[in-house]
Each structure stands twice: as C-alpha cells, then as structure tokens.
Amino acid sequence: MTMEPVPSPLAHRVPDLGSLELLLAVARLGSLGRAARELGITQPAASGRLRAMERLLGVALVERSPRGSRLTDAGVLVTDWARRVVEAAEAFDAGAQALRGRRDSRLRVAASMTIAEYLLPGWLIALRTERPGTAVSLLAGNSTAVAERLLAAEADLGFVEGLDVPAGLDGAVIGHDRLVVVTAPGHPWARRRAQLTAGELAATPLILRERGSGTRQVLDAALAAHGGLSEPLLELASTTAAKAAAVSGAGPSVLSELAIGEELAARRLVEIPVHGLVLRRDLRAVWPTGHRPTGPARDLLGLTR
C-alpha cells in the first residue's frame, strides 16, 4: 500500500502578508521603488522579497524595465488572490482590535483587605492617569476569597498577603509588610518594662482578623510552636474594624504596619515588642496559573513595582 505524501504546512506554501502587500503596492504604483518607499523598506529588500515570492510560487509575477514594473499575466491573477487575503487579514485585525478594546475597557481587581484599604487607592489613581478610559471594579475580601474570585474568572488580577501563593495561581512579590502587636495606651502591656513573650501573646485572647485572611495565616503559623492562638476576643472582617476596636481599648490586636502609622504617631495605639517573634509577610500580586496579566491588569501590576 502506498502512502500519500503529507503536504507541507500552509505557511510554507503561501507568501506572507508582507510579500502580498508589496505585490499589491507594485500593481497600484507601477514601480517597485515607489512600492518599497510606501511600505518603509529599501528597494533591495523589496526586490529580494519579490524574488522569494516568485520562487515559492514557481511563476514570474513582475516584469522589470527602465520604465517601471509591470505585472505578468500570472502576476495579475496572483494579485487578485492577494487582495482577498489582505482584506481578510484587515478584517481579522479589526476584530482583534475590537476584542482588545473590550478587554481594555474594564479591569476587575480582587484584593485582600490591607492592600485594598491602604495600597490600592494610590495604584488605581496612577492607573487612571495612564488609562483614563478603563473602568475599574474592586472586590475586597480576605486572601482565600481573592483566590476564589480569580479561579472563578470573576477577577483579572488579585493581591494577597498570606504566606505563599494560593493553589492554582501564579504570583509575584510586590512588597513586604510587618505585623505589629498593638494596644491602646491604657492597656497593661503598654506600661510593662519586660518584652512580651510569644507564649504570652499566644495565650491572650486578641482582636483578630477572620480565618482565611493573610494576617491570620501569618499569625497562626508564627504561634503554632507556642501553643497556637487562644480563642479570639473579637474576630473581625476588616483591618479598619480591628484597628478601631484596638483604639477603643477593647483589647490587644495584631495589625499591619501599613495600617497603623497615624495611630502610632498620635499615640492612639502603642506598639508592643514581642521577644523572639518576627511577623513579616510578602505582599503578592496573583493571577490564574498560565495566564500572565495583559492590558490594564499588566499596567496595574507594573505600577505596584
């Protein structure tokens, strides 16, 4: 049984768009030189491209003379086909531009609370300057919720504060943060001379963020070797709420350094050092695995750096 020869790929048998555009320009202008200038290439480059196209097709397309360039009979026929191919490519390009325009007209961002409250506003103001026509929606939640939004295709770019990149996502570190133990000035810890120990912190009911938040993940991991966290005094869903509770004197809390600068400066909160305990975390931009940010999401990611 004889096997039919496998044809070479179409791209190896059909001239590229640049060559077809050159042939159309030669047909319209009657001169290879003028066609080259219109397309922004040198005449030797145009001649080489035309010769390569003739070799590929196996026919002469243009007759050259001192008076200019004239299409052969085969060239007239090929030019007609080329016109249809180029028109189809122009329609393809217009459709792709429309898709990009639709993509670039909106940006859906999901961010964990600390980043949403204290970092994203500045980034979005800068993005507005670069892309005034892009409408941005912000979905704020804990790090677990951010991952869920991205995996459900409900957000284009996310920001989290946990220990690592959530499953199913890729990410890049865009900054760092420190968690700080704080109390109101009237709390007994604010007056003690000896540093607090990690064991004391673990044994004390605290004002905490909810499970699934980046703050809670870091604190749980840091205190696991010291008996783990006690039952929370209060469990709140935002950094702002936890900060307000601490300022009111309800109890000690562990908050992002990004969130408490004004309160520490005004002595509405006092930082409590903890011996031998470092509560640092990475701030990450995240996106679904294999889907690197494009368009406005890529631009926002660049602004965070």
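**Legend 1. Lining of the second largest pocket.** A pocket is an open set of points on a 1 Å grid over the protein atoms alone, where a 1.4 Å probe fits, with protein on both sides within 12 Å along at least five of seven lines; lining residues have an atom within 4 Å of a point. The model shown is predicted, so local features need pLDDT of at least 70 and side-chain atom pairs count only at pLDDT 80 or more, while totals for chains, interfaces and linings use all residues. Residues are numbered from 1 along each chain as its sequence is written, and side-chain values use heavy atoms, with hydrogens and water left out. The second largest pocket holds about 170 Å³ of space (the volume filled by probe spheres set on the points, which are joined across faces, edges and corners). Its lining includes Arg-178, Leu-179, Val-180 and Val-181. Gln-195 also contributes, as do Glu-271, Ile-272, Pro-273 and Val-274. Leu-277, Val-278 and Leu-279 complete the lining of this pocket. By residue class, the lining comprises nine nonpolar, one polar and two charged residues (Ala, Val, Leu, Ile, Met, Phe, Trp, Tyr, Cys and Pro are nonpolar; Asp, Glu, Lys and Arg charged; the others, Gly among them, polar). Strand S6 (residues 169-183) supplies four residues, the largest share of the lining (strands are DSSP E runs of at least two residues, helices H or I runs of at least four, numbered from the N terminus).

**Legend 2. Arg-178 in strand S6.** Arg-178 is one of the residues that line the second largest pocket, and its place in the chain is strand S6. With a relative accessible area of 21%, Arg-178 is partly exposed (buried is under 20%, exposed over 50%, partly exposed in between; 1.4 Å probe, protein chains only). Between the C-alpha atoms of Arg-178 and Ala-250 the separation is 22 Å; along the chain these two residues are 72 residues apart.

**Legend 3. Salt bridge between Arg-84 and Asp-80 in helix H4.** The structure holds 21 salt bridges (a side-chain nitrogen of Lys or Arg within 4 Å of a carboxyl oxygen of Asp or Glu). In one of them, Arg-84 meets Asp-80 with an N to O distance of 2.9 Å. Both partners belong to helix H4 (residues 73-104), where they are four residues apart, about one turn of the helix. Asp-80 has a relative accessible area of 34% and is partly exposed. Trp-81 is also placed in helix H4 and, at 47% relative accessibility, is partly exposed. From the C-alpha of Trp-81 to that of Trp-189 the distance is 84 Å, with their positions 108 residues apart in sequence.

**Legend 4. Salt bridges of Arg-284 and Asp-299.** Arg-284 pairs with Asp-282, and the closest N and O atoms of this salt bridge are 3.6 Å apart. Arg-284 counts as buried at 11% relative accessibility, whereas Asp-282, at 23%, counts as partly exposed. A salt bridge also joins the side chains of Asp-299 and Arg-298, at 3.8 Å from N to O. Here the acidic partner Asp-299 is buried, with a relative accessible area of 19%, and Arg-298 is partly exposed, with 46%.

**Legend 5. Salt-bridge network of Arg-211, Arg-216, Asp-220 and Glu-235.** Salt bridges link these four residues in a network. Its members are two arginines, Arg-211 and Arg-216, together with the carboxylate residues Asp-220 and Glu-235.

**Legend 6. Loop residues Ala-153 and Arg-267 with positive phi.** Ala-153 is not a glycine, yet its phi is positive, about 60 degrees. The loop that holds Ala-153 runs between helix H7 (143-151) and strand S5 (157-160). Ala-153 is exposed, its relative accessible area being 52%. Arg-267, likewise not a glycine, has a positive phi of about 65 degrees. Arg-267 sits in the loop between helix H11 (261-265) and strand S11 (270-271). A relative accessible area of 53% makes Arg-267 exposed.

**Legend 7. Arg-131 and Pro-296.** Arg-131 is located in the loop between helix H6 (120-130) and strand S4 (135-141). Its relative accessibility is 18%, and Arg-131 therefore counts as buried. The C-alpha atom of Arg-131 is separated by 7.5 Å from that of Pro-296, although the two residues are 165 residues apart along the chain.
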